[in-house]
Structures are given as C-alpha cells and as structure tokens.
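Reader: I am new to this structure and would like to understand how its descriptions are reached. Could you take me through the reasoning behind them?

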Amino acid sequence: MKAHYKRILRDAEKNVERSLEIQDLREGSPWHGAFSQPDGVYQAKYAIYRVSTMIAAYCNPETKFYHDGTVLRRIHLGLDYVQRVQHENGLFDYVTCNFFSAPDTAFCVVKIVPHLQYLTARQDLTPEEAAIRNRLSEIIHAGARGLLEGGFHTPNHRWAIASVLAIGGKLFGEADLTQAAFAYLNEGIDCNEDGEYAEKSAGNYNGVNNDAMLLLAEGLDDPSYDQHVIRNLRMMLTYWEPDDSVFTANSTRFDKDLTVYPSSYYIEYLTLGVRYHIPEFIAMANHIFDIIEAKRLEAPDFLMELMNHPELIDFESEERGTPEHYHAFYRDSGIARVRRGRYTYTVMSGKSNFLYVHNGEIKLAVKIGGSFCEHRAFKAERMEEDENGFHLHQTMQGWYYLPFEEKPATSDWWKMDNASRKKKLGPDMDIDVTVRETADGLEVDIRTSGVEGAPWRVELAFNGIKRISNEHMTMPINGDEVLVLRDSDFEVMNDVSSMKIGPAFGVHHFTEGKEDSEAKTPGAATVYLTDYTPFHHTITIRP
C-alpha cells in the first residue's frame, strides 16, 4: 500500500519535528532528554514512543531525517533519559499510576522491539545505527528480565507481559524468558468464540490484545495465536458506525462511550489480510485510510512495522469499505449488532443503556430507569433472539432484612454479620423488552409487571441533534436539555439526519436523582417518557 506508506512516512516526519520542539534540553534537569506530555508530565513510555518514531525516520532513506546528525544526537539524549529512569531490575514506572510496573514495562519495551528487529536484520549498519541497536538491545533485555518478577492488574496486562517474554526469549536465546511466558498463557486466552476479549474494549484494548497475540505467534513460532486476532477482527467488522467511528458503549474500560476512529487497527487488518488472503480485511485497511483522509486524522505510527515488512508496502488492492448490511448476535458477549445501510442498532444485556441507534451523526441511547429496592435501572439478565426480534428480561427481587434470631455479638451495625440475616422476600418486579425490526425502523416493546404504582420512565438520550419537534412545538437543542413529552410522535434532527420516535407518554414528571435513581446519560439531550408500573408501551424509532 504505497499511498498509505507515504502518508505514514510524512506524518512520522511531522512527529519528529514536534519531538525536536518539546524535548527537554536543559542541562542538569532531571528530565533532560525526555519529552513533555500534553499535561506537562515526563515519563519513560512517552519518551520511548517519541524516540521510536525518531529512530524509524533516522533509519529510513526516504525521510528528510535520514542519517540527520541533529536527530541522531536527540535520539541518544532520549535514550539517556530512558535508561536513567529504568530501574536496576529492568522495570519502568508509569508515574501517574504504577511503579516498578511489569505491564507498563511491557508496553514500553514492545514499542521498540520492531526497531531492534530491523536493526538486527540489517547487514549494512553504519556505526551510528549499530550504536542505536546496542542501546535498544540493552533496554529491551533489561526490561524482559524485569518481567520475570511479574505482577499485573487487568486481563490485557497478562498478554502484554507474555508477548514480551516470548519475543525476548527468542531475541536473546534465554529459555527462562520463554518459560515465564507460558506461566501466563497457561490461564488460556480470554478471546471467546465471538472474538471478544474480556474487557470488551473495542476502542483500545482489543487492539492491544491483538498486537500481543501477533507478537506471541512470532516469539513462540506458533501461528495459532493469529486465530484470536482473526476472530476479533471479524467481529470488529460489525463494530463500525455510520460515521466511521467505533462502537464503544460495551467497553468495561476508559474508552466506553468515547468517539474513537479505527486507525490503530490498520496494521492488523493489513498484516492478516495479506498473510491469510482475507479480502474483507484488506478492504478494511483501505477503508481505514479513507477515514484518515476524510476526517483529517494523523496516520498511525507504523513506519517501522512497514520497514520490517516491505511486502506490505508493495501490496496493492482497490478493495475498500465495510459491510453495510449485517446482523450479528454475539451470545457469549451479550451483544447484538445490526446494520441497515445508513443506520445501526445495538442491543445489549447487562447494561442500563440497553439499546443504541446510530443514524448518520445522531446517536440515541435507550434506558429504562426508576428505583426498586437496590435497583436503579433495567439491566437485562437474559437476552434471546427469536422470530420476533431480541427479547430481554430482568426479574428485580424485592427483599427486606429480618431481625437476628439470636442476639448479635455487637450493637454496631457495621460490625454485624448482616449477610447472614434471614430475609423477607418479595415482591418481585419483572421487566420485559422486545426490540424488533419494522419496514422503516424499530419497535421497542416494554412491559413491566409485579409491582403497582412505581414511577418509572424510559430515557431517550440523544447526541448530535440540533432540534426537536412535535405537533405542539419546535425547540432548538444545545446538548444537555431535559424534556418530559406527554403525547404524540416527535422528531429529532440535525442538518443531515433525523429520527422520528413515538408515541410519547408522560404520566408523571420525573425528577432526576429522586430515590437515588440512575442519573441521565451525561452530555445528552434527554427525553423522558413516564408512567406508573405496571405498564405496557410500544415505541417506534424510525431513522
């Protein structure tokens, strides 16, 4: 993909220019050679990422920084800082969170592994390039040895650590590194049959896990790890929204509900598309660069990866685009993703925003909220699909504590063994929702039962709208308004997209926060449809 390569190369040059501007050149500064993050913090990971781009540009004869003396000097200043802050045991700190951190060391080291591989494979190194290679080898080797101490917090950390141990064992011929990798792999890879990793992080950690799997395949000479990536990338083909962003509302991590574009997936789609002859992956790689151009995004920093694999630069294909029609129910992950041309809808179990509809630039999230014992919103315990659509169900169990049968050892409530108390059970509240397609959109059938007189509501949270109107009024929207609509259909719109919803119903005027009910979706213009339980309403959504 020569056009992609040229854009990546050009943006790498811009990154080098920026690095030269922000590198700390103050003699005697504890951060001498480091680079200031946007928040003003200096740390090893950011320095390594900056230096890695400088090394790629310095070693690439097609960049304007090829064998540039200033860049060479700045690379060594950056590596001086990195080696100063690398602890004696090889570990790095992530100073805003983790110290002597194995996973953060893995994330640091993995960025420069391709650079060491490139410089090791070259037979015509200059003395200057050999000096860079030797310093990278020292940092990577020390970091890999440090990982033998272990320690992690989250699921993806395991694979970052294991992948660096595996590739370290191969690079340095040290069997104890390889064996340490298997201690993590013994737990089994948390990529289910749907292709979903445990953290469900489509906006970030899916890609991190995929990169680790590819490095494990390489480090262990075991291509079976590629299959986890292929499953995830196939699933991700159903995760692009009509505006070319990634659906992130199912994530359990920081990327939840963030607007993320799929630039970081480029090298994975291209690499596996070429390696395994998967046309839809190659089409997605092309589409990602179409998104980059259309959205004026920075190209992903994969210059060294392409330098290591020139066959990917030379490979050409005109295939492009994402599927415009699909219907995927990932049962194990509890999520359904459906696209019908210009709009998508998503149904999820276990989430209070159980339905998302994305039409052009308009996003709608649907929630059923209220208060019942400890429950503050409907979160489906069960999700099934049949000929009528997707059916979601939750039984909210009512209960009350009873007195202890024997006098407790303390009168301090917080020291009592309250979990052992007997309970008076009931009543139970049942909520059933069916989401089904119609000729021009969706019907959402909502039925509550078991409890009488509870003031509940349906929350419709809209992002990207400028106006809302019904037969009674037209109202401009700034983005955080709250309305209770009592009757008739209504329409939300911006300059290019619209949705029609209805009929509205408003029996009571819901007050946000009453009885600790779940707060509305932040930053959204919100329409409440309200009633007292039990109720049965069907809402039509027409994108």
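Author: Let us begin with a term: contact means that heavy atoms lie within 4.5 Å. The model is a predicted one, and in it Tyr266, Tyr269, Leu270, Leu272, Gly273 and Val274 of α10 meet Phe281, Ile282, Met284, Ala285, Ile288 and Phe289 of α11. By class, this contact of α10 with α11 holds eleven nonpolar residues, one polar residue and no charged ones.

Reader: What makes α10 and α11 roughly antiparallel to each other?

Author: Helix α10, residues 266-275, and helix α11, residues 279-295, pack at an angle of about 150°, and their axes are 7 Å apart. Angles over 145 degrees count as roughly antiparallel, and α10 and α11 are therefore described in that way. As for the hand of the crossing, α10 passes α11 in a left-handed one.

Reader: Why are α4 and α6 called oblique to each other?

Author: The angle at which α4 and helix α6, residues 155-172, pack is about 40°, with their axes 9 Å apart. Angles under 35 degrees count as roughly parallel, and those from 65 to 115 as roughly perpendicular; the angle of about 40° falls in neither range, and α4 and α6 are therefore oblique. Here too the passage is left-handed, with α4 crossing α6. On the α4 side the contact includes Ala102, Pro103, Ala106 and Phe107, and on the α6 side it includes Asn156, His157, Ala160 and Ile161. The residues of this contact divide into 14 nonpolar, three polar and no charged.

Reader: Which residues make the contact between α4 and α5, and what is the hand of their crossing?

Author: The axes of α4 and α5 come within 9 Å and cross at roughly 145°, and the crossing is left-handed. Among the residues that make the contact are Thr105, Val109, Ile112 and Val113 of α4, together with Glu129, Ile132, Arg133 and Leu136 of α5. By class, the contact of α4 with α5 has nine nonpolar, five polar and two charged residues.

Reader: How many cavities are counted, and what makes a space a cavity rather than a pocket?

Author: A cavity is a set of points where a 1.4 Å probe fits but cannot get out, whereas a pocket is an open set. By this rule the count comes to two cavities of 30 Å³ or more. The largest cavity has a volume of about 50 Å³, and its lining consists of Ser52, Thr53, Ala56, Lys111, His115, Asp301, Phe302, Leu303, Met304 and Glu305. At least two residues of that lining are supplied by each of α2 (44-59), α4 (102-121) and α12 (303-308). The lining of the largest cavity divides into four nonpolar, three polar and three charged residues.

Reader: How do you know that the lining of the second largest cavity has no polar and no charged residues?

Author: The residues that line the second largest cavity are Ile48, Val51, Leu79, Val82, Ile112, Leu136 and Ile139. Val, Leu and Ile count as nonpolar, and the lining is accordingly described as seven nonpolar, no polar and no charged. The volume of this second largest cavity is about 30 Å³.

Reader: What lines the second largest pocket?

Author: The second largest pocket is lined by 20 residues, of which Ala249, Asp257, Tyr356, Lys363 and Asn463 lie nearest its centre. Two or more lining residues come from each of β6 (353-359), β7 (362-372) and β13 (455-463), and β6 gives the largest share, four residues. By class, the lining has ten nonpolar, seven polar and three charged residues, and about 340 Å³ of space lies in the second largest pocket.

Reader: What makes the backbone at proline 427, proline 534 and aspartate 221 worth pointing out?

Author: Most residues other than glycine have a negative phi, and most peptide bonds are trans. The bond from glycine 426 to proline 427, however, is cis, with omega near -5°, and proline 427 lies in strand β11, residues 423-438. The bond from threonine 533 to proline 534 is cis, with omega near -5°, and proline 534 is found in the loop between β19 (525-532) and β20 (536-542). Aspartate 221, in the loop between α8 (205-219) and α9 (224-236), has phi near 50°, a positive value in a residue other than glycine.

Definitions and conventions
Residues numbered from 1 in each chain as written. Predicted model: local features only at pLDDT ≥ 70, side-chain atom pairs only at ≥ 80, totals over all residues. Heavy atoms only, no water. 1 Å grid on protein atoms, 1.4 Å probe; cavity = no way out; pocket = protein on both sides within 12 Å on 5 of 7 lines; lining within 4 Å. Points joined across faces, edges and corners; volume = space filled by probe spheres on them. Axes fitted to C-alpha atoms, helices over the stretch in contact; angles between N-to-C directions. Left-handed = near helix turned anticlockwise from the far one by under 90°.
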